[in-house]
Amino acid sequence: MTKTPAPMLSADPTAVPGTFAAPVVTPTAAPEKTTSDAGEPLTTQAADVAPPPGSESSIESLWSSLGGAAGTLGPATAEIQCGLADDGCLRTFQKGDIYWVSAVGANPVWGANRVAYLSHGAQAGGLRYPTGAETCGLRDGGCTQTFQGGQLFWSPATGSVPVWGANRVAYLNHGAQAGGLRYPTGAETCGLRDGGCTQTFQGGQLFWSPATGSVPVWGANRVAYLNHGAQAGGLRYPTGAETCALRDGGCTQSFQGGQLYWSPATGSVPVWGANRVAYLNHGAQAGGLRYPTGAETCGLRNGGCTQSFQGGKLFWSPAAGSHPIWGAIGGTWLARGGPAGSLGYPTETEKCWATGCQQWFENGSMGWSPTAGAKIYISPSGYCEAINRGSVNYGTGGAQRVTFAIAEGYAVSPVTSVTCVNSGGRYVYEWSTWAQAGESGFARPGVPSGPTINKYSPTGSYTVTDAFGLGNPGTALNYQTLNQFSRWGGRLNANYNKYFESSADIFPDENMWYYATRPSHDYRQGVVINYNRPPDSAIVMDAGFAIFLHANRAPSWGCIAMNEGDVVRFMTRSVPGDRIVMGVVADVFR
């Protein structure tokens with residue numbers, strides 16, 4: 001006759017893994033012998049105690065109902081033994097045992113379940129006394145038997161394994177052997193982090209801790225969880241079962257230390273810490289970032305971390321927090337060095353309007369529009385930090401002071417001038433002002449500025465060693481007081497791109513006295529920028545000449561022009577060897 005599976009017991013929701021667990025055997029200790037030399041299970045011996053009332057009759061009646069000597073258990077092999085735990089009794093038979101205790105009456109144990117029951121201490125172990133007979137006909141030809149302290153599950157593939165405590169409650173709640181976990185493959189093990197326990201099954205694993213209870217982890221999420229150290233890793237213990245039916249057929253599972261996200265395209269990847277907070281705030285897998293494609297990696301500049309997603313990246317630093325980057329702004333920022341570049345870490349999420357987008361970073365911002373593409377803006381303090389970061393494309397040579405003259409783009413002459421001073425090995429912001437470059441803007445990197453009539457300013461990094469004007473304001477630079485014969489060579493001869501004196505006034509030589517004394521006072525005070533001249537380089541004819549920092553803040557023919565007071569401030573703070581870095585922001589900074 002086919003056996004009908006008995007209904008599952010109502011599990012105790014307050015049960016704790018390990019409450020009824022048998023004593024742990026250390027790896028070096030010999031295992032307790034549970035079978036005879038002939039392979040028969042050994043029974044726990046009891047004292048010679050008189051059987052409690054009704055015990056003998058209950059055992060005899062059950063044995064008879066199972067067919068007696070010709071039935072399931074076969075003939076008896078010993079007399080009834082009493083005085084067991086909780087005043088219980090036991091009688092052994094050729095093919096199994098019958099246990100009796102007043103709380104549950106008489107119940108049999110046989111076959112593989114009997115072997116497993118004895119190996120876990122029988123009635124003296126965590127399972128205590130059986131509360132019903134074995135029932136079979138379960139999934140994959142399996143059987144189960146319930147006990148006061150838990151349940152044994154058997155299948156041809158796994159053998160007989162106990163499940164008890166909170167793990168049994170969770171196992172039953174998830175369908176037991178008929179659910180996703182299927183049959184247990186090993187007994188519960190405890191002594192994990194924070195006093196936790198775990199148990200493995202064909203379809204996954206249960207993890208329990210006092211703080212989280214017992215929760216299953218299975219499938220790709222279990223693989224990822226184990227790869228990241230399981231409960232001993234950053235995720236710690238699961239706090240809820242996997243939930244699916246997310247975007248693109250994905251699933252997620254929450255843990256004490258983070259969350260696992262899985263999709264068919266990306267696999268299972270953890271998200272934790274500040275990046276998880278930012279990810280959730282931006283809609284998680286349903287937002288612009290979509291699913292994570294790789295775990296968080298750290299060790300970036302200033303102790304930062306990053307994580308990649310289908311739709312972009314998250315970057316975190318202690319100073320800036322965690323923010324996403326994506327799209328054209330994100331791509332341009334990454335191409336320019338990301339957090340190691342001049343802009344540093346993002347400090348907020350990209351904001352967009354009908355005409356474009358903008359995102360702010362530690363040292364400036366980046367804007368984007370369909371017509372102009374991506375453009376960066378460096379804050380004044382960000383110029384100096386760019387030197388410290390090594391994200392200036394032109395050398396600064398360890399100068400005491402570095403002054404930037406930076407335009408937002410080509411074919412424009414307005415520039416931002418920022419001076420940075422070396423203080424204790426780091427460059428810090430000193431002062432800034434507005435200035436003007438050549439009327440044609442900056443020449444592209446590596447392209448000579450050419451004749452002054454082209455009106456281009458050169459791009460690059462240049463020293464300052466010499467100054468000029470109508471009277472030394474107190475500069476440490478080599479100062480030339482101008483007179484009516486002061487000239488700067490523009491003709492292609494030995495005087496090209498040099499100071500000389502002559503009574504002749506021949507174009508394209510520059511009459512410096514004229515420019516110093518005319519109403520605009522351009523050369524009333526000025527500094528020579530050593531473009532196309534020593535000590536920075538040999539002079540190349542027709543590559544460009546007379547590149548100065550001078551007064552009269554108006555578009556020039558290639559010089560950098562400031563208000564006279566700013567020129568004097570520059571001069572009085574400069575020493576020979578200080579540098580000017582000039583050009584378009586996208587060329588100068590990474």
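Which handedness does the link of Cys82 and Cys89 have, right-handed or left-handed? The first legend has the answer, and every view here comes from a predicted model.

**View 1. Cys82 and Cys89 are joined by a disulfide.**
The sulfur atoms of Cys82 and Cys89 sit 2.2 Å apart. Turning 110 degrees about the S-S bond, this link is right-handed. Cys82 is buried, with a relative accessible area of 2%, and Cys89 is buried too, at 0%. If the term is new to you, a disulfide is a covalent bond between the sulfur atoms of two cysteines. A search of the whole structure finds seven disulfides, and two others have their own views below.

**View 2. A disulfide joins Cys352 to Cys357.**
Here the distance from S to S is 2.0 Å. The link of Cys352 and Cys357 is right-handed, with 105 degrees about the S-S bond. Look at how the two partners are covered: Cys352 counts as partly exposed at 44% relative accessibility, whereas Cys357 is buried, with a relative accessible area of 13%.

**View 3. A disulfide ties Cys384 to Cys420.**
The two sulfur atoms are 2.1 Å apart, and the link is left-handed, with -85 degrees about the S-S bond. Cys384 belongs to helix 7 and Cys420 to strand 23, so this pair ties together parts that are 36 residues apart in sequence. Cys384 counts as buried at 1% relative accessibility, and Cys420 counts as buried at 0%.

**View 4. Helix 7 (residues 380–389) is mostly covered.**
Eight of the ten residues in this helix are buried; among them are Gly382, Tyr383, Ala386, Ile387 and Asn388. What do the buried residues of helix 7 pack against? Their packing partners are strand 21 (373–378), strand 22 (401–407), strand 23 (414–423) and strand 24 (426–436). Just after the helix comes Gly390, which takes a positive phi of about 70 degrees.

**View 5. Glu385 forms salt bridges with Arg389 and with Arg426.**
Start with Glu385 and Arg389, whose side chains meet at 3.6 Å, N to O. Both residues lie in helix 7, four residues apart, about one turn of the helix. An α-helix has 3.6 residues a turn, so residues three or four places apart point the same way. Now find Arg426: its closest N and O atoms to Glu385 are 2.8 Å apart. This second pair links distant parts of the chain, with Glu385 in helix 7 and Arg426 in strand 24, 41 residues apart. Glu385 is buried, with a relative accessible area of 17%, while Arg426 is partly exposed at 42%. Through shared partners, salt bridges join Arg301, Glu362, Glu385, Arg389 and Arg426 into one network.

**View 6. The largest nonpolar core has 29 residues.**
Which residues of this core touch the most other members? They are Tyr383, Val392, Phe404, Cys420, Val588 and Phe589. Several elements each supply at least two residues, including helix 6, strand 19 (356–361) and helix 10 (585–588). The largest share, four residues, comes from helix 7. Follow Val392 to see some of the packing: leaving aside its neighbours within four places in sequence, Val392 is in contact with Ala386, Ile387, Phe404, Val581, Val588, Phe589 and Arg590. A second, separate core of 26 residues includes Val415, Phe442, Tyr479 and Ile580.

**View 7. Arg114 in helix 2 forms a salt bridge with Asp97 in strand 3.**
Their closest N and O atoms are 2.6 Å apart, and the two residues are 17 residues apart in the chain. Arg114 and Asp97 are both buried. Other buried residues of helix 2 are Asn113, Ala116, Tyr117 and Leu118. The buried residues of this helix pack against several strands, including strand 2 (89–93), strand 4 (105–110) and strand 5 (143–147). Just after helix 2, Gly121 takes a positive phi of about 95 degrees. The structure holds 21 salt bridges.

**View 8. Thr349 sits in a loop and makes a polar contact with His282.**
The loop runs between helix 6 (327–335) and strand 18 (351–353). The side chains of Thr349 and His282 are joined by a polar contact of 2.8 Å. Beyond its neighbours within four places in sequence, Thr349 is also in contact with other residues, including His323, Pro324 and Trp326.

Key:
Residues numbered from 1 in each chain as written. Predicted model: local features only at pLDDT ≥ 70, side-chain atom pairs only at ≥ 80, totals over all residues. Heavy atoms only, no water. Buried < 20%, exposed > 50% of the residue type's maximum accessible area, 1.4 Å probe, protein only. Contact = heavy atoms within 4.5 Å. Salt bridge = Lys/Arg side-chain N within 4 Å of Asp/Glu carboxyl O. Polar contact = N/O pair within 3.5 Å; in protein donor to acceptor, adjacent residues only side chain to side chain. Core = buried A, V, L, I, M, F, W, Y, C linked by side-chain atoms within 4.5 Å. Disulfide = S-S within 2.5 Å.
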